[in-house]
Amino acid sequence: MQKIVLMGECMLELRQAKDGLMLRSFAGDTFNTAVYMKRISAEQDVAFMTGLGQDTISQQLISVCRSENLNNQHISTKSERHPGIYLVETDEQGERSFLYWRDKSAAKEVMQFVDEQAIAELCQADLFFFSGISIAILETEHRAAFWAMLERLKSAGVKIGFDPNYRPRLWNGPEDAIAEFTKAYAACDIMMPGVEDFKLLYDIETLDDILAFCQPFNIDEVVLKNGPESVYCQVKGELTHVVVTPVTYVVDTTSAGDSFNGVYLSARLAGKDVTSSVELASAAAGIVIQHPGAIAPVESFAGIRNSFADY
Ligand code: AMP
């Protein structure tokens with residue numbers, strides 16, 4: 001069984017329903033990716049790695065991970081802190097806004113509880129995946145421990161996956177993000193950025209400029225997403241272009257990229273070729289954006305699961 005570990009933060013999401021009641025769920029980019037990976041391929045051992053506390057919200061998140069059949073082995077519950085929370089509000093024009101309470105979340109301390117035994121277990125993984133958000137939220141003084149851990153995993157032969165997922169407000173300015181991302185580009189075997197990441201951070205957005213930017217890092221596999229526009233993959237120097245069928249009924253684009261990542265990675269690990277993997281991932285993201293929130297209902301994924309088996 002292949003083992004995949006995805007590291008990051010998952011928060012309690014509060015969302016106002018039409019009747020005024022507050023709906024609760026859990027979401028976070030790498031958590032969403034883990035959920036979709038496991039949903040599409042039960043044969044893979046998918047673990048979400050984070051820091052939690054001993055409070056009831058932490059316990060509920062662990063139950064949700066269990067109900068999504070995720071491996072909880074890399075979740076630490078030793079923090080004195082609680083999970084982060086965010087509130088999604090939608091105005092009369094349908095425009096969404098987000099309010100966060102995450103400055104002191106337990107996930108920021110995750111590296112504090114990663115000991116030698118945990119690293120030895122992580123070294124058994126086939127793939128370790130993290131995002132720009134996973135790094136941004138770490139307490140600054142813990143970042144060195146993260147990069148040292150990543151080096152150990154790489155030396156042990158674990159493949160490294162990275163999605164920049166640049167969120168300006170989580171960083172002390174773009175230079176901070178650029179410095180950390182540069183280490184991630186150098187370390188990763190597979191990178192899954194959005195065109196938006198490059199536009200915001202480096203003011204480049206054409207395919208040629210982005211590929212030229214990535215070239216010195218010798219990344220085996222670059223998968224470039226751009227909303228409803230085509231996906232471009234460069235795998236060991238070979239460029240593949242896959243057209244995306246735009247969805248006309250879009251409810252909420254949250255988690256489009258996360259679900260794409262999860263299904264793409266599952267497909268590649270299952271030995272599928274690049275084009276099939278992008279097609280499956282795009283189809284999955286196309287379903288996710290027709291549902292509110294980050295995690296679409298399990299039933300909505302039945303068709304994709306069947307296609308995954310058939311491809
Ligand atoms: P994004 O993170 O917005 O670049 O989207 C990630 C992936 O989700 C894209 O590469 C597409 O496969 C899919 N996607 C996003 N928006 C749409 C859309 N409007 N219609 C169809 N697919 C979409």
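Guide: Before we start, helices (H or I, at least four residues) and strands (E, at least two) are DSSP runs, numbered from the N terminus. This is a predicted model, where local features need pLDDT of at least 70, side-chain atom pairs count only at pLDDT 80 or more, and totals for chains, interfaces and linings use all residues. Residues are numbered from 1 along each chain as its sequence is written, and side-chain values use heavy atoms, with hydrogens and water left out.

Visitor: OK, let's pick a spot. Where does Ala270 lie?

Guide: Start from helix 9, which covers residues 256-269. Just after that helix comes Gly271, with a positive phi near 90°. Ala270 itself sits in the loop between helix 9 and helix 10.

Visitor: Why does Ala270 count as partly exposed?

Guide: The cut-offs go by relative accessible area: buried is under 20%, exposed is over 50%, and partly exposed is in between (1.4 Å probe, protein chains only). Ala270 counts as partly exposed because its relative accessibility is 42%.

Visitor: Which residues does Ala270 touch, leaving out those up to four places away in sequence?

Guide: Touching here means contact, with heavy atoms within 4.5 Å. Tyr36 is 14 Å away from Ala270, C-alpha to C-alpha, and 234 residues away in sequence. The residues that Ala270 touches are Gln2, Gln44 and Phe308.

Visitor: Phe308 has a ring. How far from its centre is the charged end of Lys272?

Guide: A charge sits over a ring if NZ of Lys or CZ of Arg is within 6 Å of the ring centre and within 35 degrees of the ring normal. Lys272 has its charged end over the ring of Phe308, and the distance to the ring centre is 4.6 Å.

Visitor: Back to helix 9. How many of its residues are buried?

Guide: Helix 9 has 14 residues and reaches 20 Å from first C-alpha to last, close to the expected 20 Å (1.5 Å times one less than the number of residues). Its buried residues include Phe260, Val263, Tyr264 and Leu265. The helix is mostly covered, and the count of buried residues is ten of 14.

Visitor: Which residues touch the most other members of the largest nonpolar core?

Guide: A nonpolar core is a set of buried Ala, Val, Leu, Ile, Met, Phe, Trp, Tyr and Cys residues joined through side-chain atoms within 4.5 Å. The largest one holds 48 residues, and helix 10 (residues 274-288) gives the largest share, seven residues. A second, separate core has 44 residues, among them Val5 and Phe198. In the largest core, the residues touching the most other members are Phe31, Phe260 and Tyr264.

Visitor: Now the sheet. What is the order of its nine strands?

Guide: Strands count as paired if DSSP finds at least two bridges between them. The edge strands, each pairing on one side only, are strand 5 (75-76) and strand 13 (238-242). The sheet is open with mixed pairing, and its order is 5-4-1-8-9-10-11-12-13.

Visitor: Are the faces of strand 1 buried or exposed?

Guide: In a regular strand the side chains alternate between the two faces of the sheet. Strand 1 (residues 3-7) has Lys3, Val5 and Met7 on one side, with Ile4 and Leu6 on the other. Both of these faces are covered, and the residues on them are all buried.

Visitor: Which residue of strand 8 stands opposite Leu6?

Guide: Strand 1 pairs in the parallel sense with strand 4 (residues 45-51) over five bridges, and Lys3 stands opposite Asp45 there. Strand 1 also runs parallel to strand 8, joined by three bridges. In strand 8, Leu127 is opposite Ile4, and the residue opposite Leu6 is Phe129.

Visitor: In strand 12, which residue is the bridge partner of Glu221?

Guide: Strand 11 (residues 221-224) is joined to strand 10 by two bridges in a parallel run. With strand 12 (residues 231-235), strand 11 pairs in the antiparallel sense over four bridges. There, the partner of Glu221 is Val235.

Visitor: Why is the pair of Phe130 and Trp147 called edge-to-face?

Guide: Rings of Phe, Tyr and Trp (its six-membered ring) pair if their centres lie within 6.5 Å; planes under 30 degrees apart count as stacked, over 60 as edge-to-face and the rest as tilted. There are 23 aromatic pairs in the whole structure. For Phe130 and Trp147 the centres are 6.1 Å apart, and the pair is edge-to-face because the planes are at 80°.
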